[in-house]
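Here is a short tour of one protein's interior and of a strand that helps build it. Take a moment to find your way around the structure before reading on.

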Amino acid sequence: MKLKKFFFILAVLCFSFSGCAQKLPVEKIYICRQDGTKVPVKVEVAKTAEQRNRGFMERKYIPDGTGMIFVFEKDQILSFWMKNTPHPLSIAFIDSNGKIRDIFQMTPYSLASVSSTTSVRYALEVPQGWFKKEGIKEGDYLTKEK
């Protein structure tokens, strides 16, 4: 139930800030590892098609402990690429319950698509290697709570 409350709050925040094209709202979320420990990450929230299409394009540096969460209206197979994105990224595809289903590495400027293996609602991009360094794996999940 707490996870549903988190995603409701996330959706309200996205709706409230959806008119902001240049600066996306920032939220602090946590990734709960399978051992129960939680890792904080500050994420920019990309909810509109324009925000999702822009993503991290042109960003030369993305600090560890930060990322961008892409919020979609329905569960679907998601595909991402790195067009005009110079910073190497890792991407996690996350289902509507907050469970990380896939984690992939992405190559700067690549036009090759990286797709989820199952229908998901969210994608989380972070600096490449951050998930591994923090011990975050498929099966871990997002939460709003510390």
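What follows is a report on a predicted model, starting with its nonpolar cores and moving on to strand β1.

## The main core

The largest nonpolar core has 19 residues. Those with the most contacts inside this core are I31, L124, W130, F131 and I136. Several elements each supply two or more residues: the strands β1 (26-32), β2 (38-46), β3 (66-76), β5 (89-94), β6 (100-106) and β8 (120-127), together with the helix α3 (130-133). The most generous giver is β2, with 4 residues.

I31 is a handy place to start looking around. Leaving aside neighbours within four places in sequence, I31 is in contact with T37, K38, V39, V41, I100, L124, W130, F131, I136, D140, Y141 and L142.

## A second core

Apart from the largest core lies another one, made of 17 residues. Among them are F70, F80, L89 and A123.

## Strand β1 and its partners

Because 5 of the 7 residues of β1 are buried, this strand is largely enclosed by the rest of the structure. β1 and β2 run antiparallel and are joined by 7 bridges. Their hairpin has 5 residues between the strands, and there G36 takes a positive phi near 95°.

β1 also pairs with β9 (residues 141-143), again in the antiparallel sense, over 3 bridges. Y30 is a good residue to follow here: Y30 stands opposite P40 in β2, and its bridge partner in β9 is T143.

Terms used. Residues are numbered from 1 along each chain as its sequence is written. This is a predicted model: local features need pLDDT of at least 70, side-chain atom pairs count only at pLDDT 80 or more; totals for chains, interfaces and linings use all residues. Side-chain values use heavy atoms; hydrogens and water are left out. A nonpolar core is a set of buried Ala, Val, Leu, Ile, Met, Phe, Trp, Tyr and Cys residues joined through side-chain atoms within 4.5 Å. Buried means under 20% relative accessible area, exposed over 50%, partly exposed in between (1.4 Å probe, protein chains only). Contact means heavy atoms within 4.5 Å. Two strands pair if DSSP finds at least two bridges between them.
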